[in-house]
Amino acid sequence: MVRDVAYDCDVLVIGGGIVGLSTAYAITRAAPGTRVTVLEKEPGPARHQTGRNSGVIHSGIYYRPGSLKARYAVRGAAEMVKFCAEYGIAHEVTGKLIVATERDELPRLHALVQRGRENGIPVRELGPAQISEYEPEVRGLAAIHVGTTGICDYGAVAERLADASGAEVRYGAEVVRIDRRAALGVAVRTADGAVVRGKALVNCAGLQCDRVAMLAGDDPEMRIVPFRGEYFDLARPELVRGLVYPVPDPAFPFLGVHLT
Ligand SMILES: Cc1cc2nc3c(=O)[nH]c(=O)nc-3n(C[C@H](O)[C@H](O)[C@H](O)COP(=O)(O)OP(=O)(O)OC[C@H]3O[C@@H](n4cnc5c(N)ncnc54)[C@H](O)[C@@H]3O)c2cc1C
């Protein structure tokens with residue numbers, strides 16, 4: 001129970017990446033009239049992971065059938081395409097090839113076919129000749145084509161979420177202190193000395209969410225492990241038509257060289 005004190009908003013969201021802005025959007029859609037304030041330390045939205053990712057709308061093929069990740073990824077991919085179409089944001093459902101180039105990858109590729117189908121994703125198995133129907137310059141022993149993978153402009157998605165949410169989004173507002181009291185809600189202080197009070201706080205600070213959790217007095221009970229990656233522009237982009245990925249290495253399933 002939160003006592004009646006002067007609040008600047010009902011819900012405070014820390015972080016103006018896609019998670020913070022879609023949280024604001026979802027709250028104002030689900031409970032119209034809720035006052036949401038988003039505090040983002042950068043001068044605009046999507047300046048960290050959201051605006052620097054590969055721009056892929058993932059199908060959900062890799063996730064265990066029935067898991068929340070699988071359900072949300074499959075539903076989220078469809079909703080992202082719908083959102084982009086509704087708001088005129090650049091996007092395309094390109095499909096994606098996952099290509100096995102070594103014999104020992106074939107059982108894992110086959111397992112992905114099963115997994116994809118159990119997740120309700122359209123998957124087509126391809127032999128070497130069929131691979132070139134999709135990608136004439138790609139060679140492999142076998143591949144699968146995943147129909148629902150696409151690409152979009154996540155920076156534009158974040159901007160649109162910020163506008164459409166109706167939330168107050170404050171840029172240049174780095175949260176440096178959080179005071180959380182039972183029955184009183186939260187008061188946060190930003191680097192410029194402003195204080196913002198809310199009944200509830202949602203931590204959407206991306207790779208700094210552990211620091212924000214500690215500011216609120218929580219033990220995040222997890223560690224953020226950074227990996228460095230590199231992007232290269234193809235000198236001859238005409239060599240590929242769409243997205244081409246290797247079969248994931250089970251030791252590092254989230255890493256690998258891919259063409260996006
Ligand atoms: C290289 C790379 C490629 C990727 N490719 C894809 C892809 O193709 N498709 C896909 O779906 N996903 C991809 N991802 C994952 C995806 O980009 C992230 O899961 C997503 O962007 C996370 O969003 P977020 O809002 O949690 O974090 P972020 O976008 O990082 O936003 C967090 C925000 O919190 C703000 N913040 C932090 N601390 C504070 C504070 N104290 N006060 C105020 N603000 C604060 C930051 O400034 C930042 O803007 C990729 C990720 C990476 C790193």
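This dialogue covers one helix and two loop residues of a predicted model.

Trainee: What should I know about the numbering and the model?

Mentor: Residues are numbered from 1 along each chain as its sequence is written, and side-chain values use heavy atoms, without hydrogens or water. The model is predicted: local features need pLDDT of at least 70, side-chain atom pairs count only at pLDDT 80 or more, and totals for chains, interfaces and linings use all residues.

Trainee: What span does α5 reach from its first C-alpha to its last?

Mentor: The expected span is 1.5 Å times one less than the number of residues. Helices are DSSP runs of H or I, at least four residues, and strands are runs of E, at least two, numbered from the N terminus. Helix α5 (residues 154-165) has twelve residues and reaches 16 Å, close to the expected 16 Å.

Trainee: Why are the buried residues of α5 on the same side?

Mentor: An α-helix has 3.6 residues a turn, so residues three or four places apart point the same way. Buried means under 20% relative accessible area, exposed over 50%, partly exposed in between (1.4 Å probe, protein chains only). In α5, the buried residues are Y154, V157, A158, L161, A162 and S165. They lie on the same side because their arc around the axis is only 135 degrees, taken from the directions from the helix axis to the C-beta atoms.

Trainee: Which residue follows α5?

Mentor: G166 does, with a positive phi near 75 degrees.

Trainee: Is A46 buried or exposed?

Mentor: A46 is buried, at 10% relative accessible area. Its phi is positive, near 60 degrees, although A46 is not glycine. A183 also has a positive phi, near 70 degrees, but is partly exposed at 33%.
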